[in-house]
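Here are a few notes to keep beside you as you look at this model for the first time. Take the points in order, with the viewer open.

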There are 2 protein chains.
Amino acid sequence: MPAKKDEAASGLARSIEVLWGEPERPSRGPKPGLSVAGIVAAAIAVADSEGLGAVSMQRVAAGFGFTTMSLYRYVPGKSELLDLMIDAAVGEPPDLRSIPGGWRPRLAVWARLTRDCFVAHPWFMPAALNRMMGPNQLGWLESAVAALAETRLAGQELLASVLVVNGWVRSMAPFAPDRTGADPTGDWGAAMLHQINAHSDRFPTLATAIGAGALTPAGFDDFEFGLQRVLDGLQAYIDSRDSVS
Amino acid sequence: MPAKKDEAASGLARSIEVLWGEPERPSRGPKPGLSVAGIVAAAIAVADSEGLGAVSMQRVAAGFGFTTMSLYRYVPGKSELLDLMIDAAVGEPPDLRSIPGGWRPRLAVWARLTRDCFVAHPWFMPAALNRMMGPNQLGWLESAVAALAETRLAGQELLASVLVVNGWVRSMAPFAPDRTGADPTGDWGAAMLHQINAHSDRFPTLATAIGAGALTPAGFDDFEFGLQRVLDGLQAYIDSRDSVS
DNA sequence: CTCTACTGTTTATGCCATACACTGAATGGT
DNA sequence: ACCATTCAGTGTATGGCATAAACAGTAGAG
């Protein structure tokens, strides 16, 4: 059944072309009334305000007063539009070199900037999962790896270390407050708390921990707590590598 | 615009009912030819073998030789079916109490078991994102938190610590080899490596790190590497808390 | 035995992505 | 200046999807 494989491969090729290919404008024919960048921006706006599920070709095209099919003159399909949305949403990678103090504060800033992206675009995580990284996304990865270049980490250790930090950021993404200040977990957060308490026999430690939440210092910042733990873990390894030399 | 809110709220109520309500079988009428558990298992089988996108009401019902609409006698809708799939896929939470050595080896085992779930059900991560946790999923959380009960962590620190470990597992999920041994990243993994090398001017550190990948010890296990870093970070904090007492 | 709650099916609606064929505009070669 | 080519945007059609609504048959309760 080569059909499916071909289809997947051509889909991949289309993504690569859209993400990495340089646009060549034709010299003939009418002038385009739209642009790829404009379409992507409009799609991002829809996703930001109404969620990823609201992003349909019709919805995006209607924002311009164009027909659905007009978008296909600019983008091969919805999947590729999503690829472009993702890479546009991350934006230009940050330059961390001016941050003093070595790899640790740099990675910390990187983590917070990454979190900012997740906060600004709550649809990002689900959309970017299991998808090819575009130029901007790879640029962010480069930034983080570059921050660790001063250490003796190398090869897969470098990538794995960045992934540890990134993993924490991604973990906290669903809990990050969005711009509206509304409970980002929607309503199910409270519902889960209720179920935990209603079944405290099945979840005794959990129920206790939640009940004890009030005891935690009021200003407790989960994100910073976990970030420092993760950086501590990396630092212990980096220090041990240094002392071995 | 209360319609949307009502809709969301009722959707939440339906999820809660399906996940936490106890099934009451009616005494009248014909005997059911299907069961919720069977439907959920069939849906999981479809998702495991053909991906989450292949899970449609029609596809699942066809597996039984029933019509699409028959499923709606057992499950309120697709969203709730997904809720059930997720909680069934995680399965019964593990009992870590018999594992010697304290919280650290217990959390390590918990992390590996969690990873096993992601490997067995590659659709799990995307599906479970931003969704309510069911009884089994909360049970797993309880297991992990219970493993940390021997420490002096409390309240949000407990949950955040578990989340740090969980974040790492989730980070590695896309890279875990599946049962077929095929490259889990599909084909885009290789494509990304190619782009990194093709644009090594934009991603110098990255290109170097990947090129140096061959220098990394052959048996390097990214998952275990990151897991130990994360546990190191937690341990440092736990030890510091202990010594303060 | 009949009523009624229940099961499974049929049919229909509306949204979605997208293939295909078409109209009309602008440009390069002549 | 002409005209063939190339491109932009549209209209129409197809097939898949979730799911609402109405319906037919079944089996236990009274």
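1. Start where the two protein chains meet. In this predicted model, 59 residues of chain B are in contact with 59 residues of chain A. Seven helices of chain B might catch your eye here, since each gives two or more residues to the side that touches chain A: H1 (2-20), H6 (124-128), H7 (135-147), H8 (156-172), H9 (188-198), H10 and H11 (222-244). The most comes from H8(B), with twelve residues. By class, this side of chain B holds 38 nonpolar, 13 polar and eight charged residues.

2. Next, see how the copies are arranged. A turn of 180° with a shift of 0.0 Å along the axis lays chain B on chain A, with an RMSD of 0.1 Å. The two copies are thus related as by a two-fold rotation axis. To find that axis on screen, go to B:Gly233: among the residues of chain B, its C-alpha comes closest to the axis, at 1.8 Å.

3. Do the copies meet through the same surface or through different ones? Through the same surface, because 100% of the interface residues of chain B are also interface residues in chain A.

4. A good close-up of the contact between chains is the pair formed by helix H7 of chain A (residues 135-147) and helix H10 of chain B (residues 204-211). Their axes are 8 Å apart and the helices pack at an angle of about 75°. That angle makes H7(A) roughly perpendicular to H10(B). On the H7(A) side you will find A:Leu138, A:Leu141, A:Glu142, A:Val145 and A:Ala146, which meet B:Thr205, B:Leu206 and B:Ala209 in H10(B). Sorted by class, this contact has six nonpolar residues, one polar and one charged.

5. Now look inside chain B, at helices H2 (residues 36-50) and H3 (residues 57-64). These two pack at an angle of about 115°, with axes 9 Å apart. H2(B) and H3(B) are therefore roughly perpendicular to each other, and H2(B) passes H3(B) in a right-handed crossing. The residues that meet are B:Ile39, B:Ala42, B:Ala43 and B:Val46 from H2(B) and B:Arg59, B:Val60, B:Gly63 and B:Phe64 from H3(B). Their classes come to six nonpolar, one polar and one charged.

6. Turn to the DNA, beginning with strand C. Which residues come closest to DNA strand C? Of the 26 that surround it, the closest are A:Ser56, A:Gly77, B:Pro26, B:Gly29 and B:Gly33. Helices H3 (57-64) and H4 (78-90) of chain A each supply at least two residues of the surface near this strand. The largest share, three residues, comes from H3(A). The surface near DNA strand C divides into nine nonpolar, eleven polar and six charged residues.

7. Finish with DNA strand D. There are 26 residues around DNA strand D, and A:Pro26, A:Gly29, A:Gly33, B:Ser56 and B:Gly77 come nearest. The elements giving two or more residues to this surface are H3 and H4 (78-90) of chain B. H3(B) provides the largest share of the surface near DNA strand D, with three residues. By class, the surface near DNA strand D has nine nonpolar, eleven polar and six charged residues.

Notes
Residues are numbered from 1 along each chain as its sequence is written. Chains are lettered from A and ligands numbered from 1 in the order in which they are written. This is a predicted model: local features need pLDDT of at least 70, side-chain atom pairs count only at pLDDT 80 or more; totals for chains, interfaces and linings use all residues. A residue is near a molecule or strand if its C-beta atom, placed from the backbone, lies within 6 Å of it. Helices (H or I, at least four residues) and strands (E, at least two) are DSSP runs, numbered from the N terminus. Ala, Val, Leu, Ile, Met, Phe, Trp, Tyr, Cys and Pro count as nonpolar, Asp, Glu, Lys and Arg as charged, and the others, Gly among them, as polar. Axes are lines fitted to C-alpha atoms, for helices over the stretch in contact, and angles run from 0 to 180 degrees between N-to-C directions. Angles under 35 degrees count as roughly parallel, over 145 as roughly antiparallel, 65 to 115 as roughly perpendicular and the rest as oblique. Two residues are in contact if their C-beta atoms, placed from the backbone, lie within 7 Å. A crossing is left-handed if the near helix is turned anticlockwise from the far one by less than a right angle, and right-handed if clockwise. Copies are superposed by least squares on the C-alpha atoms of residues with pLDDT of at least 70 in both.
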